[in-house]
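User: Please take a close look at one helix in this structure. I would like to know how it sits among its surroundings, and then how the rest fits around it.

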Amino acid sequence: MKEAILFRREFLCEPQFCLNKEEVSHLKALRIFSEDKNLRILNGIGSEWIYEVKGNSRQGILKKTEVHVKPESISAIATAIPKGNRLEWLLQKGTELGLSRFYFLNFEQSDRRDFNLSRAQKIVEEASIQSKRIFLPEVFVPVSLNEFLNLQENLNLSIYQFDPKGKSEPKPEFFQNSIWIVGPEGGFREKEIRLLREKNILGVKAGNAILKIETAGIFAASLFRYFND
């Protein structure tokens, strides 16, 4: 029997399930709406409900309920907001590679500051369906670098910064329960550099090339995947 995944963030278990218009369109795009199928309804934080849905029907009958244990380790990036559709690309590929959190930062030299949280959450949902993820990555609205660092002080997470002048190179232990900071394309201002040093954030060199925001973010996501698979 065919299978499909749908996310409903605040879903409550019901004996019967009814597809909405957007979900029907999604299943038609997959060319399985007319077929008998099992629908995996996920809330993104570990609960799963499996419904059997007959072909061309909007109604489903509950077959099974599962609760998944969320991984304890955090794999996160904190970046400036990429320009244009590069933000969407970063969210898509970062989700597919397994990032658990996306933080966005407003730097003094940030070229872009507008941010649509609802749109970002929709993008990670679609990418999670594509990659068959059970847990949705968290997406946080942009804050200043200072506010971000203050918010992390009481959390048991290591923080690193991609720095073209960094004296260290990427190591496996840097990608265990950690956040990687990616600055704006114009670079960090002196005030931000001092703040990072005051907070003892280690600067790590990722080769000699200067990477764009989304490239550096995906580079970090790839290393998280490589060192933790």
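Analyst: What follows starts with helix H1 and then moves outward to salt bridges, cores and one buried polar residue. Keep in mind that this is a predicted model.

Start with the helix itself. H1 covers residues 21–29, and Glu-23, Val-24 and Leu-27 are buried in it. Why do these buried residues line one face of the helix? Look down the axis of H1: the buried residues fall within an arc of 100 degrees, so they line one face. What do they pack against? The buried residues of H1 meet strand E1 (2–7), strand E2 (16–18) and strand E3 (37–42). Now turn to the face away from the buried side. There, H1 carries the exposed residues Lys-21, Lys-28 and Ala-29.

Next, the two ends. Asn-20 caps the N-terminal end of H1. A side-chain oxygen of Asn-20 lies 3.2 Å from the backbone nitrogen of Glu-22. After the helix comes Arg-31. Its phi is positive, near 65 degrees.

Glu-22 has another partner. Lys-122 forms a salt bridge with Glu-22, and their closest N and O atoms are 2.3 Å apart. This pair links distant parts of the chain. Lys-122 belongs to helix H3 (residues 117–131), Glu-22 to helix H1, and the two residues are 100 apart. Are these partners buried or exposed? Lys-122 counts as partly exposed because its relative accessibility is 26%. Glu-22 is also partly exposed, at 49%.

That bridge belongs to a wider set. The whole structure holds 18 salt bridges. One of them joins Arg-40 and Glu-48, with the closest N and O atoms 2.6 Å apart. Both of these partners are buried. Arg-40 has a relative accessible area of 13%. Glu-48 has a relative accessibility of 2%. Another salt bridge runs between Glu-52 and Lys-54, where the closest N and O atoms are 3.4 Å apart. Here Glu-52 is partly exposed at 25%, and Lys-54 is partly exposed at 48%. Some bridges share partners: Glu-3, Arg-40 and Glu-48 are joined into one network in this way.

Now the nonpolar cores. The largest nonpolar core has 46 residues. Which of them touch the most other members? They are Phe-104, Phe-148, Leu-149, Trp-180 and Ile-181. Helix H6 (residues 213–228) gives the most to this core, with 7 residues. Take Phe-148 as a case. Leaving out residues up to four places away in sequence, Phe-148 touches Ala-78, Tyr-103, Leu-105, Val-143, Ile-179 and Ile-181. There is also a second, separate core of 14 residues. Its members include Phe-11, Val-24, Phe-33 and Leu-39. Val-24 brings us back to H1, where it is one of the buried residues.

Last, a polar residue in strand E10. Gln-161 sits in this strand, which spans residues 158–162. Gln-161 counts as buried because its relative accessible area is 2%, under the 20% limit. What does its side chain meet? A polar contact of 3.4 Å joins the side chains of Gln-161 and Arg-197. Beyond its neighbours within four places in sequence, Gln-161 is in contact with several residues, including Trp-180, Ile-181, Phe-188 and Leu-196. Trp-180 and Ile-181 appeared above, among the residues that touch the most other members of the largest core.

Notes: Residues are numbered from 1 along each chain as its sequence is written. This is a predicted model: local features need pLDDT of at least 70, side-chain atom pairs count only at pLDDT 80 or more; totals for chains, interfaces and linings use all residues. Side-chain values use heavy atoms; hydrogens and water are left out. Helices (H or I, at least four residues) and strands (E, at least two) are DSSP runs, numbered from the N terminus. Buried means under 20% relative accessible area, exposed over 50%, partly exposed in between (1.4 Å probe, protein chains only). A polar contact is a pair of N or O atoms within 3.5 Å; within protein, one must be able to donate a hydrogen and the other to accept it, and residues adjacent in sequence count only if both atoms are side-chain atoms. Contact means heavy atoms within 4.5 Å. The arc is that of the directions from the helix axis to the C-beta atoms. A salt bridge is a side-chain nitrogen of Lys or Arg within 4 Å of a carboxyl oxygen of Asp or Glu. A nonpolar core is a set of buried Ala, Val, Leu, Ile, Met, Phe, Trp, Tyr and Cys residues joined through side-chain atoms within 4.5 Å.
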